Amino acid sequence: MSETADVPVQYARDKPKDCRYCFLWSGGKVGCRIGGKKNCFYLIRQEQVVNDKCYQCPYSKGAPCIGWCTADAIAEIRQKRNSCG
């Protein structure tokens with residue numbers, strides 16, 4: 001079973017309505033130079049991991065974890081605020 005969520009396909013706003021008007025379109029039998037809709041230049045790739053508490057943590061992107069969990073600390077602070085009133 002895959003741990004990634006099914007994310008709807010989204011394209012950039014400046015994508016032409018038809019592939020024939022794209023600058024990567026070679027026309028004729030060749031078609032798209034980069035392999036069609038699965039590899040489209042205008043495709044916005046959004047990969048989300050389900051059940052990952054580090055998904056929105058700024059320290060989990062591009063660098064190793066800082067040693068203590070920011071998500072746990074934020075959750076604990078929110079819980080204390082909500083219990084106080």
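These notes cover the enclosed space, a surface patch and the salt bridges of a predicted model.

1. A search of the whole structure for cavities of 30 Å³ or more returns 1, and the space within the largest cavity comes to about 110 Å³. Its lining is made up of 14 residues, and those lying nearest the centre are Cys 19, Cys 22, Cys 32, Cys 40 and Tyr 42. Sorted by class, the lining of the largest cavity comprises 10 nonpolar residues, 3 charged residues and 1 polar residue.

2. On the surface, a nonpolar patch is formed by Phe 23, Ile 34 and Phe 41, which together have about 310 Å² of accessible area. Of these residues, Phe 41 sits in the loop between β1 (10-11) and β2 (43-44), and it counts as exposed because its relative accessibility is 52%, where the cut-off for that class is over 50%.

3. The count of salt bridges comes to 2. One of them joins Asp 18 to Arg 20, with 2.7 Å between the closest N and O atoms. The partners fall into separate accessibility classes, since Asp 18 is partly exposed at 27% relative accessibility, whereas Arg 20, with a relative accessible area of 53%, is exposed.

4. A salt bridge also links the side chains of Lys 80 and Glu 76, at 3.4 Å from N to O. Both residues belong to helix α1 (residues 70-84), and because they are 4 residues apart there, about one helical turn separates them. Glu 76 has a relative accessibility of 44% and therefore counts as partly exposed.

Methods. Residues are numbered from 1 along each chain as its sequence is written. This is a predicted model: local features need pLDDT of at least 70, side-chain atom pairs count only at pLDDT 80 or more; totals for chains, interfaces and linings use all residues. Side-chain values use heavy atoms; hydrogens and water are left out. On a 1 Å grid over the protein atoms alone, a cavity is a set of points where a 1.4 Å probe fits but cannot get out, and a pocket is an open set with protein on both sides within 12 Å along at least five of seven lines; lining residues have an atom within 4 Å of a point. Grid points are joined across faces, edges and corners, and a volume is the space filled by probe spheres set on the points. Ala, Val, Leu, Ile, Met, Phe, Trp, Tyr, Cys and Pro count as nonpolar, Asp, Glu, Lys and Arg as charged, and the others, Gly among them, as polar. Patches are made of residues with over 30% relative accessible area and no salt bridge: like charges are joined within 9 Å, nonpolar side chains (Val, Leu, Ile, Met, Phe, Trp, Tyr) within 5 Å. Accessible areas come from the Shrake-Rupley method with a 1.4 Å probe; for residues, only the protein chains shown count as cover. A salt bridge is a side-chain nitrogen of Lys or Arg within 4 Å of a carboxyl oxygen of Asp or Glu. Helices (H or I, at least four residues) and strands (E, at least two) are DSSP runs, numbered from the N terminus. Buried means under 20% relative accessible area, exposed over 50%, partly exposed in between (1.4 Å probe, protein chains only).
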